[in-house]
Amino acid sequence: MRVRVLIPLLVIVLYGVVPFALAGNNYVMSILVAALIIAGVALAWALLGNLGGMVSFGHAAFFGVGSYISAIVTMKLGVPVFAAMLLGGAGAAVAAVAVLPALRLSGPYFALAVLAYAHIFKILATEFTTITGGAGGILGIPTLPRVLGYDFGSKVGGYLVIVTIVLLFALVYARIRNSYYGYALRAMHDSEDATRVVGVHSTLLKALMLFLSAFMTGVVGAFNAHCINFLEPDYAFSSGWTMLPVVAAIFGGYRTLTGPLVGAVVVYTVDQLVFKSLIPSGHQIIFGVLLGVMILFAPDGLIPLLAKKLQWVRQPRGCRDPRTESVC
Amino acid sequence: MLRLDAITVQFGGLTAVKGVSLSIGAQEVVGLVGPNGAGKTTLFNAISGLVRPTAGRASFEEADILKAPMYKRARMGIGRTFQIPQPMHELTVRQNLLVAQRFGAGRVDEAKVDEILSFLHLSDKADRDAATELSLSELKALEVGKALATDPRLLLLDEVLAGLETASKRSFMKTLTELHARYRISILIIEHDIETISNLCPRVCVLNYGQLIADGTPQEVFSDPEVIRSYTGGGHD
């Protein structure tokens, strides 16, 4: 199916079918919103990894900073919620400045440096009690507002907001990926010198990807704060906000645009709706096993695996080679 | 155009390039030769910005380039190839050239890219994956193509003929001669083969143990006793 058909179809399903089909089921809608929050962070994480060539274990820092800034500016300065969410993203991007010295590191060293930053931000949120409320947290964060009579604070309203955020981020990601900047960023992974020697300012491009990834994560964190109306450091800066998106992105295929999104929705909804009903306590073990199997047998992730299978099925029978899955 | 003044490059206790002074004029073609480990590639790295000299001065078109990072030198007009080809991965041949042109020359001109592809006999490979679907001679041509796409005034060619079969080497040499005539740029080329360098370059510089020991026409240089000694193993006091 061509992209021209697929995209309008997806938009109709996401905005026209899902909200009406699940409007009466707050539980499923909550799970879907949570899955999309993870999808947003997974996309931001994959952008940094796929375009910036950096593996981060510290996206919880940007998530937490975005959520705290948005909550504080709405409560203490009276900034409207949607504007505050953008400020949350901007704040997370500013916080990423602290990570800049780590750009000279690569691989596991960068990943661990960002993890350390996440811990520092968590400690700051705990210690600056006058602003953040300290370990006790912040209660009564404003919900998403009512706009032109429509209540975005409802479950369906929240879904519409987060699905819009994620789609916009995916669009931005796609535009960058297919631009000359995207080409240069992708090429940098294997040889940074090969790009620098033709005039690419590789450090600047990597820094821009870091800021963009932090902004995206911060906006999603801010959205989450206005959804749950409560924040405390252990929750906002929880390593879960890094690990779940990483698992989702890798499960779906982090080198693809759709992989992190599909991965997040599949991982979270199937875990919560199916595995949790089978094993109420410790249900995550099933996904642990599935992720292990996926990494072993399809390390590129779910979307590339499906694409490969689909290509194989579409081939004429005489051309199929089950060993190589080659194309005639 | 390019002026190096007492350039020295040290790696810890090792002096790879020692006080090299060298000038290259506009549209000049200069060969850089020397035994293995003489410091030729290190000198290229110092000119292109991959390593920072420990001492000395370097200018390009009257501008001081010593503190300029690699990407800036490329944008100033210094193009280079690597001894081991470094295609940009995940990109096609055409995309490699387009990225080089977009960032190095600061604009995109697809007609110019097509012209370079045609000139380097890469037109039929334009949409192939650069990292996985090219032969060695095509990879070498791509290296030159990327550098050309940045609109250089000085081209540093690091052993672009190395590893090629005789026929490919001859064809590539012809391409390099045409390249100079067509694009009217200065070329500094590292090459081991003395016959090749004598045919290509009216001027040859010789490095030995990081020092410039000769600079002149091929006939002058290759009859110099010190150069002969350096190639036969007795050149360092």
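## Parallel pairing at the sheet edge

In this predicted model, β6(B) runs parallel to strand β7 (residues 154-158) of chain B, and three bridges join the two. Within this pairing, B:Arg80 has B:Leu156 in β7(B) as its bridge partner.

Both strands belong to an open sheet of six strands in chain B, ordered β6-β7-β8-β3-β9-β10, in which the pairing is mixed. Its edge strands are β6 (78-80) and β10 of chain B, each of which pairs on one side only. With direction ignored, neighbouring strands of this sheet are turned against each other by 20 degrees on average.

## The β9-β10 hairpin

At the other end of the strand order, strand β9 (residues 203-208) and strand β10 (residues 211-216) of chain B are paired in the antiparallel sense through five bridges. B:Asn208 stands opposite B:Gln211 in β10(B). The two strands, β9(B) and β10(B), form a hairpin with two residues between them. In the turn, B:Tyr209 has a positive phi of about 50 degrees.

## The four-stranded sheet

Chain B also contains an open sheet of four strands in the order β2-β1-β4-β5, and here the pairing is antiparallel. The edge positions are held by β2 (14-24) and β5 (63-64) of chain B, each pairing on one side only.

Seven bridges connect β1(B) with β2(B) in the antiparallel sense, and B:Val9 has B:Val17 in β2(B) as its bridge partner. The hairpin of β1(B) and β2(B) has two residues between the strands, and B:Gly12 takes a positive phi near 60 degrees there. Strand β1 (residues 2-11) of chain B is also joined to strand β4 (residues 55-60) of chain B, in this case by five bridges, and the two run antiparallel. One of the residue pairs in that ladder places B:Arg3 against B:Ser59 in β4(B).

## Helix α1 of chain B and the two sheets

Helix α1 (residues 40-48) of chain B lies across β1, β2 and β4 of chain B, and runs at about 65 degrees to β2(B). The helix α1(B) also lies across β3, β6, β7, β8 (186-190) and β9 of chain B, running at about 150 degrees to β7(B). Helix α1(B) therefore has an orientation to β7(B) that counts as roughly antiparallel, the cut-off being over 145 degrees.

## Two glycines in loops

Is B:Gly39 buried or exposed? B:Gly39 is buried, because 24 other C-beta atoms lie within 10 Å of its own and 20 or more suffice for that class. This glycine is located in the loop between β3 (29-33) and α1 of chain B. Leaving aside residues up to four places away in sequence, B:Gly39 touches B:Ala16, B:Val17, B:Leu207 and B:Gly210. B:Gly39 and B:Ala141, which are 102 residues apart in sequence, have a C-alpha to C-alpha separation of 24 Å.

In chain A, A:Gly140 occupies the loop between β1 (138-139) and β2 (146-147). A:Gly140 is exposed, since 9 other C-beta atoms lie within 10 Å and the class covers counts of 12 or fewer. The C-alpha atoms of A:Gly140 and A:Ala298 are separated by 45 Å, with these positions 158 residues apart along the chain counted as their spacing.

## Helix packing in chain A

Helix α3 (residues 59-76) and helix α5 (residues 107-127) of chain A pack with their axes 8 Å apart, at an angle of about 30 degrees. This angle makes α3(A) roughly parallel to α5(A), because angles under 35 degrees are counted that way.

On the α3(A) side, the contact consists of A:Ala60, A:Ala61, A:Gly64, A:Val65 and A:Tyr68. These meet A:Tyr117, A:Ala118, A:Phe121, A:Lys122 and A:Ala125 in α5(A). By class, the contact of α3(A) with α5(A) has eight nonpolar residues, one polar and one charged.

## The interface between the chains

The contact takes 17 residues from chain A and 22 residues from chain B. On the side of chain B that touches chain A, α2 (70-76) and α3 (93-105) of chain B each supply at least two residues. The most comes from α3(B), which gives seven residues. By class, this side of chain B has 11 nonpolar, six polar and five charged residues.

## Confidence

For the complex, the predictor gives an ipTM of 0.87 and a pTM of 0.86. Chain B has an average pLDDT of 92, and 98% of its residues score at least 70. Where pLDDT is low, the predicted coordinates should not be read in detail.

Conventions:
Residues numbered from 1 in each chain as written. Chains lettered and ligands numbered in written order. Predicted model: local features only at pLDDT ≥ 70, side-chain atom pairs only at ≥ 80, totals over all residues. pLDDT = per-residue confidence, 0-100. Axes fitted to C-alpha atoms, helices over the stretch in contact; angles between N-to-C directions. Parallel < 35°, antiparallel > 145°, perpendicular 65-115°, else oblique. Contact = placed C-beta atoms within 7 Å. Nonpolar A, V, L, I, M, F, W, Y, C, P; charged D, E, K, R; others polar. Pairing = 2+ DSSP bridges.
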